[in-house]
Structure formats: structure tokens, C-alpha cells
Amino acid sequence: MLGVARRRLGSGTVLGQLMQTLRPAAAPRTYSAAAKEITVREALNSALDEEMSADPSVFLMGEEVGEYQGAYKISKGLLDKYGPDRVLDTPITEAGFTGIGVGAAYHGLRPIVEFMTFNFSMQAIDHIINSAAKSNYMSAGQISVPIVFRGPNGAAAGVGAQHSQCYAAWYAHVPGLKVLTPYSAEDARGLLKAAIRDPDPVVFLENELLYGESFPVSAEALDSSFCLPIGKAKIERQGKDVTITAFSKMVGYALQAADILAKEGISAEVINLRSIRPLDRAAINASVRKTNRLVTVEEGFPQHGVGAEICMAVVEDSFEYLDAPVERIAGADVPMPYAANLERMAVPQVEDIVRAAKRACYRAVPMAATA
Amino acid sequence: MAAASFTAAKFLAPVAARSGGDRAPPLPAIGAASARPRRGAQQTRLRTALAVSSDVLAGNKAAQAAAGEPVVTREEALEVYEDMVLGRVFEDMCAQMYYRGKMFGFVHLYNGQEAVSTGFIKLLNQADCVVSTYRDHVHALSKGVPARSVMAELFGKATGCCRGQGGSMHMFSAPHNLLGGFAFIGEGIPVATGAAFAAKYRHEVLKQSSPDGLDVTLAFFGDGTCNNGQFFECLNMAQLWKLPIVFVVENNLWAIGMSHLRATSDPEIYKKGPAFGMPGVHVDGMDVLKVREVAKEAIERARRGEGPTLVECETYRFRGHSLADPDELRKPDEKSHYAARDPITALKKYIIEYNLATESELKSIEKKIDDIVEEAVEFADASPHPPRSQLLENVFADPKGFGIGPDGKYRCEDPKFTQGTAQV
């Protein structure tokens, strides 16, 4: 019970922080459905371990993935287990080693290229897009590229403008890429395993602040053949008044917002997108047809963002069902500031989501200044 | 990666590389003289005497002038001649077809550089890889892609090697291990390094070995690319991990209208190899036999697991950068200097001089090639355009990822196609 409450409240609220410090003496698990809790970090590590063990052509390359055990310890223990031939510490050469990964994928291996953060992927973006995404098309199906580009994406805490950008909209723009954004530990495990097994290039956007968060996982999710489908969203919470779509860290915020809204009599349905490309338009539309109102939440910059695409997807397919304009919550349209209070203002908070949902439900609340 | 896992025989004695006949004196101004030895590098292990035609030319001019033996057998000479003539005739036909409107977009022709492509690629096995740039027609032909497939691809027809999806700059052929065809300068170098990595990984980790040794990858690129960051990144990593790759610089002195000398602080590209710990070699790229000698050594080195080599070939393109380039900046005397060193004419002269074949045999090869290229054009002309449904195919290798709807029909038949709906 405490575990679930801890997760629901997160660390954003005082009560949440208090809950985190409370530890029951004997820690018995009182909920029966999920027997175990693991962190997202452990989930990713176990997924990498299992896939590398199952297929010897899978290998990991990136900066500090080997001896340092991973810049964020995601690849902990893998070097000892698989050796330096399969867990490669690269020099600081994103363009070079990403291209090497793509070339290896052209020629029959299944590389996992880790970017220390996706901001650094900009140095390699030519290879992600031109050599990887477009190759199956340009070669008319002869050269498929079974590569995974993974790493933390989006804002962390106080890391400044050059380390905080969200790349979901950038990569999701390109045909030929699959873009995945896990939230929970189950998402992380299932989607990473699916990505590694997938014959196409996958951009796997993790989140640094989620790495340490624990989530309950079912026994099925811990099985080594567990996999989640690419292109399918998950309804994290059922509701009937307003649909809130989110991905990655914002799913946690959306769930918190849904709790607050529930107290005010608004039942919010929270969709964890999981896959930005292909976007699960069917699930989003089905939900909007049920609730008639939509709030999209993302951490990245608003212009040309994921929310804009979701809005259009709904307008194209379910316009008559909308009872209110689509509300879009995104990060502030500025490079990420460093000062802690400014940073808080530049990233969506739970209150922003609550306010937007209320606006969508015509509960007259004036727009708050967002910057 | 432990290089010690290879039990490669130490390469001790220099190969006495005799090149046939004398060539026109090198162009003075550029300083890219053929008689430049490698510079020493840090690791002594690499400095076992690696003979290079250039080296030997400097030292053994007397010995070689005395040698009356050709450096190739008759079969090899004819194979090489035929391949170069195919490259030349094909490219000339491309120019014709372009001006007749059959070919469109960006077309970059290889006339004059045939010695590099033939000299290197004809030494490869089928399992070896070639990665090229946008000037890739002749690399494709040398690697074995049929002329009709390449021509049909250039015409944008469904029978092209990439079904018309790639075009002139993106030649891919999985059965021939031709891994592209890249438009961006320097883009192919890391991809080639990755293919070499895969070859070594398969040998060491997956334990799939071939009796010949490692599969070798050749990366072809130009002088302009040698100022690009990715080039240096890959020199570093290829040497660091001792990858079976040969970096082949086709130094034709010009990047569109930018002279190599205006763009590069140190124009001697082969010197950049030893800076990373690998041998750097310079060779006369207008002489296919010299290129072949150097290529043989570099490829064997890679196959044995001794790591990469940087080979700079001094060559020249007789036409402009592309068919849209008016080619006004290059001086006429430079062009005529290199025209006098036409690799095909030179080889023909060599073959006749050493009695490897008669004039009429060579003429019949030329006739055969003419027929092949004409047949390729007819084939391409007669081939159909890609069907409309091909537009959305092959975006993903996973067929449910895109292109085919849940009912099995093509997405473009969907009435909402123009709105961009493309659901999984």
C-alpha cells in the first residue's frame, strides 16, 4: 500500500516526501497483484542483460558504458558479464561511433548505441536520420537497420540549456524511425526488449529523473520473453470527463493531476503514449470520443511538438466529438534556464495540467501566467 | 578489443612492386609526388616494412627498369581492362542519357578515376564490403552489380538495384555487399568502419570464421572529405580497434570548385594516417597496376587482422563535379595533363607492350562493353516505373510498422491517404 501511495504522490508534494521517509518495520507487501517493485534503472539493465544473453549479435556501445558501468549506471555489470567485445567504451565521437553502429547494423549485427544524453545525439543526427532511418527505403528493403539509439532525454535537474532538450518531436518527425518513450519499469523493460528485437531503427527516449523511481511489476513482466508492442499506448487510468495524453515523466505528473481533479469531481483518463512514432491514434481517438475533451502534456518546446500532432490527429478523426478546444501543455518556449525557480516555471507542473483540464471542462479558471 | 587474438604472420620482406613502364612526370605544383615514403609512427609493431609502390619507385628505379616481366597475368590484365572500359563507357552513356532527359537530379560521373575503383575492388571477394559516396556508379559496377540494374536505377525504374528508390547517389546492393551510396560528405566512412567492425565481431565473438581471414571493407571518399570530423574520428577508432578496413582517398584535387589546396592546411592526406598510428600510403591513382599493388597489400593487411591503412590515390575526374557543374574553375593545362595520363589508354599501351593481348582482342572487349551498356539502356528504357503502391513500402522492415493497413491493403488506397493518416 505504502509503495503504491509513494509512487502516486511522487516526490513533488510534501506528503509524497513524507511518505518516502516512512518505512514499515517489517515491510510486508499488502497488495497481491504486483509481487515486486523495481526501479526503471533495474528494468533497463535487466532488459539489456536478457537480450544480450539471448542473441550474441546484440552489443552495446557508448561513452562510459563499460568500466564506468554506465554514466547513469544503466549498464552496470554488463562489461563483467559480456566482456569488452560486446560492451564497448567509445571515445567521445558521437558522429563516428553512431555511424559505426549503423554500419554494423547494415552488416548483420544488432547494436545498441547509448547517448549519454540525447542532446549529444545532435552530433550524430546525420547518421540517425540519413544512414539509419532512410536506408531501408532507399535500398528498397535490402538493407534494414536493426539498431537502437537509447539514452536519457528531456530535462533533468539544474543541468542548463544544452543538457535539457526533449527530442521526441524531432525524431518522431522522420519516417523510418520508431520513437519510444517509456514511463514505468514495465514500460522500460517491455519496450526496450521490443526495440532490440525490432528490425528497424528505434530511438528509445528514457528520462534521467525516472531512473531511480520504483514501480510495481508483475511476474509476467519479469519473464525474459516479455515484450510490449510498439505503437500501442496504455490507458494508465480510466476516466470519463477529459483525456490527458502524456509520455515519459509527464505521465507521473498527469496521474497526480488526475488524483487532484478527481477530488473536484472531474474524472480524467490518462493515456501513457509509450510510442510517439508510430503514434497510437486509434487509442487517443477512442478515448476522446468517450470523454470529448483533450489535454496533451509534454515536456518539450511547444511549437511543432508532440501535442500539436496529437491535436491534429484528433481534429482529423474525431472533430465532431470535441466539446472544447484541445488544450496543450508543454515546456516554456525558451531554452532551459539554470536558476531553480525559473527551471520550475519552464517545465510543466502538476498545477498546470490541473488548470488545463479544468479549462477544457469549462470550469472557469483564468489562465495563469506561464512564464 | 584485444588485437592479440589474431595470429597473423608478421609481414617481413617488402614486396618488390614493379610497376610497368614509365608514366608522365607528376604534376609539380601540388607536392603530391609519387616518391614519398611513409612517416614513422609511434608503435614499432606497425613499422615492419610495408612496401609501397611509391617507396619502391624511389629506391629501386634501376631494378625495376631492368625487369621485363609484367606485373599481372594476361587474365588479370584483361579483367582489369574490361572493368575500366565498362566504367568509362557506362559513365559516358549516363551523360548522354542525362542530356536526353532520361536521367535527372544529381548525377556525378567517375570518368578518369576508373583505376582506383578497378584497382581496389577487383581484388575483393563477394563477402567483402564497399562503401562509397555519391560518385558511386562505377564502384557498383566493379563490385559486380549488373550494368542494367544500375542503369535502370538511374532511370528511376522498378527494375533498378534499389527499385528506383535510391537513385544515382544511393546505390545499395545487399547480395554484392555494396553498402551505399551516401550523399553527405563523410557519411560513408563511419558506416564502412561499422561494417568492418561487424566483420571483426563476427570473427571474434560469433566465431564465424572464413578460411581467408577477415572480411575487408573499403571506404571510398574524396579529398574534401579528409577535412571532415568524421574522417578523423574513424581513423582513430579503426586503428584503436584494429578494424579490417582500407580508407581509400580519391584525391582528385577538387571539391566542386574548391581546390584541395585552398581548403586544406596540409594537403598531403596520406600523412594523416601515421598521426593515428596506421600506415599512410600515396599512390598514382591514374595507373591501375600501381593502385592494384598497393591495394593488394592494404587488403591483405586488413584480412590478416593488422588493422587499417590509409591510401591516398592521386587521381582526376575528367568531367565536372556533376552534370550540372560547368567546370569553369579548373585550368585547361591541368585537365590536359591528366587527360594524357588516362588510365585506360595507359593500360592498353602496357598490355600491348608486354604482349598480354592483341589490339583486336582489346577491341573486341570494347565492343562487348558497348553492347552491354547499350543493352542496359534498352532494358532500363523498357522497364516500368515503380507502381504507386511502392511509395509507402519499405519505410520499415517490419511490415506492420507502416505502409500496409490492418486489412492488408496498401495505405495509399486508403481514402484518407492525402491527410497523412498512417496508423499501425
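**Cavity, helix and cores**

Colleague: Which residues line the largest cavity in this predicted model?
Modeller: A cavity is a set of points on a 1 Å grid over the protein atoms alone where a 1.4 Å probe fits but cannot get out, and a lining residue has an atom within 4 Å of a point. By that rule the lining consists of Asn153(A), Gly154(A), Cys166(A), Thr181(A), Leu205(A), Glu206(A), Asn207(A), Phe247(A), Ser248(A), Lys249(A), Met250(A) and Glu299(A).

Colleague: What volume does the largest cavity have?
Modeller: Residues are numbered from 1 along each chain as written, with chains lettered from A and ligands numbered from 1 in written order. The model is predicted, so local features need pLDDT of at least 70 and side-chain atom pairs pLDDT 80 or more, while totals for chains, interfaces and linings use all residues, and side-chain values use heavy atoms without hydrogens or water. Grid points are joined across faces, edges and corners, and a volume is the space filled by probe spheres set on them. The search finds 9 cavities of 30 Å³ or more, and the largest has a volume of about 60 Å³.

Colleague: Which elements each supply at least two residues of that lining?
Modeller: Helices (H or I, at least four residues) and strands (E, at least two) are DSSP runs numbered from the N terminus. On that numbering, the elements in chain A are β7 (202–206) and α10 (249–263).

Colleague: How many residues of α9(A) are buried?
Modeller: Buried means under 20% relative accessible area with a 1.4 Å probe, protein chains only. Among the residues of α9(A) that meet this are Asp187(A), Arg189(A) and Lys193(A). The helix is therefore largely enclosed by the rest of the structure, the buried count being 11 of 13.

Colleague: Which helix gives the most to the largest nonpolar core?
Modeller: A nonpolar core joins buried Ala, Val, Leu, Ile, Met, Phe, Trp, Tyr and Cys residues through side-chain atoms within 4.5 Å. This one has 149 residues, and Phe149(A), Phe120(B), Met151(B), Phe197(B) and Phe247(B) touch the most other members. With 14 residues, the main contributor is chain B helix α3 (residues 74–99).

Colleague: Is Cys361(A) buried or exposed?
Modeller: Cys361(A) lies in the segment after α14 (350–360) of chain A. Its relative accessible area is 14%, so Cys361(A) is buried.

Colleague: How many Å apart in space are Cys361(A) and Met345(A)?
Modeller: In sequence, Cys361(A) and Met345(A) are 16 residues apart. From C-alpha to C-alpha, the distance between Cys361(A) and Met345(A) is 24 Å.

Key. On a 1 Å grid over the protein atoms alone, a cavity is a set of points where a 1.4 Å probe fits but cannot get out, and a pocket is an open set with protein on both sides within 12 Å along at least five of seven lines; lining residues have an atom within 4 Å of a point. Buried means under 20% relative accessible area, exposed over 50%, partly exposed in between (1.4 Å probe, protein chains only).
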